[in-house]
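Here is a set of short exercises with worked solutions for you to try. Have a look at the model first, then work through the steps at your own pace.

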Amino acid sequence: EDFRNFECQELLEIVVRSVKGMGDAGTNYLFMLAGDPNRCKPDVHIHHCVKDACRRDVTNEECQVLFTDAVSMLKNRHPGLPVRGLDSIIWNKYSQK
């Protein structure tokens, strides 16, 4: 709750990213675990999914944009599906390969 309610989320993200070993995937996953529904974690499974779908890899930032756009496109068929939910579905599928 303290994490989600931190006054300046941008500052919190800077501090988290300053920890040695915390890259994009780890930082985004931490925010996701703290309740942010609008993030995906650009880890190996997410990148494999994007590469399979787009026939090329993209940056971590582009992963976030693609997932946000995908959720927006799916909102009529899957109302209430957050970016975090799509990440989870894809991660579970690709982690079983």
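**Exercise 1. One helix and its inner face**

Which residues of H2 are buried?

*Solution.* Keep in mind that the model is a predicted one.

Step 1. Take under 20% relative accessible area as the cut-off for buried. In H2, the residues that pass are Asp 24, Thr 27, Asn 28, Phe 31 and Met 32.

Step 2. Look down the axis: these residues cover an arc of only 140°, which puts them on the same side of H2. The spacing fits a general rule: an α-helix has 3.6 residues a turn, so residues three or four places apart point the same way.

Step 3. Ask what lies over that side. The cover on the buried residues of H2 includes H1, H4 and H5.

Step 4. Finish with what comes after the helix. Gly 35 follows H2, and its phi is positive, near 115°.

**Exercise 2. The same analysis for H1**

Find which residues of H1 are buried and which are exposed on the other side.

*Solution.* Step 1. The buried residues in H1 are Leu 12, Glu 13 and Val 16.

Step 2. Their directions fall within an arc of 100° around the axis of H1, so they line one face of the helix.

Step 3. Turn to the other side of H1, where Glu 10 and Ile 14 are exposed.

Step 4. Among what covers the buried residues of H1 is H2.

**Exercise 3. An aromatic pair**

How many aromatic pairs does the count give, and which parts of the sequence does the pair of Phe 3 and Phe 31 tie together?

*Solution.* Step 1. The count comes to one aromatic pair.

Step 2. Two values describe such a pair in general: the distance of the centres and the angle of the planes. For Phe 3 and Phe 31 they are 4.9 Å centre to centre and 65° between the planes, which is an edge-to-face arrangement.

Step 3. Place the partners in the chain. Phe 3 belongs to the segment before helix H1 (9–17), while Phe 31 sits in helix H2 (residues 24–33), so the pair ties together parts 28 residues apart in sequence.

Step 4. Check the accessibility of each ring's residue. Phe 31 is buried, because its relative accessible area is 2%; Phe 3, with 21%, is partly exposed.

Step 5. Look for a charge as well. The charged end of Arg 39 sits over the ring of Phe 31, 3.9 Å from its centre.

**Exercise 4. The largest nonpolar core**

Work out which elements give two or more residues to the largest nonpolar core.

*Solution.* Step 1. List the members. The core has twelve residues in all: Cys 40, Ile 46, Cys 49, Val 50, Val 58, Cys 63, Phe 67, Val 71, Val 83, Leu 86, Ile 90 and Tyr 94.

Step 2. Assign them to elements. Helix H3 (44–54), helix H4 (60–74) and helix H5 (83–95) each give two or more residues to this core, and H5 contributes the largest share, with four residues.

Step 3. Pick one member, Phe 67, and set aside its neighbours within four places in sequence. The contacts of Phe 67 are then Cys 40, Ile 46, Val 50, Val 83, Leu 86, Asp 87 and Ile 90.

Step 4. End at Tyr 94: the charged end of Lys 93 sits over its ring, 5.8 Å from the centre.

**Exercise 5. His 45 and Asp 57**

Is His 45 buried or exposed, and where is the place of Asp 57?

*Solution.* Step 1. His 45 lies in helix H3 and counts as buried, because its relative accessible area is 17%.

Step 2. Beyond four places in sequence, His 45 is in contact with Trp 91, Tyr 94 and Ser 95.

Step 3. Asp 57 is found in the loop between H3 and H4. With a relative accessible area of 41%, Asp 57 is partly exposed.

Step 4. Leaving aside neighbours within four places, Asp 57 contacts His 47 and Lys 51. The C-alpha atoms of Asp 57 and His 47 are 6.5 Å apart, with their positions ten residues apart along the chain counted as separation.

**Exercise 6. The whole chain**

What pattern does the protein chain follow along the sequence, and how does its radius of gyration compare with that of a compact globule?

*Solution.* Step 1. The protein chain has five helices and zero strands, in the pattern α-α-α-α-α.

Step 2. For 97 residues, a compact globule would have a radius of gyration near 13 Å, and the 14 Å of the protein chain agrees with this.

Step 3. The C-alpha trace spans about 35 × 30 × 25 Å along its principal axes. Of the 97 residues, 31% are buried.

Technical notes:
Residues numbered from 1 in each chain as written. Predicted model: local features only at pLDDT ≥ 70, side-chain atom pairs only at ≥ 80, totals over all residues. Heavy atoms only, no water. Core = buried A, V, L, I, M, F, W, Y, C linked by side-chain atoms within 4.5 Å. Buried < 20%, exposed > 50% of the residue type's maximum accessible area, 1.4 Å probe, protein only. Contact = heavy atoms within 4.5 Å. Phe/Tyr/Trp six-rings, centres within 6.5 Å; stacked < 30°, edge-to-face > 60°. Lys NZ or Arg CZ within 6 Å of the ring centre and 35° of its normal. Arc of directions from axis to C-beta. Rg over C-alpha atoms; globule rule 2.2 N^0.38 Å.
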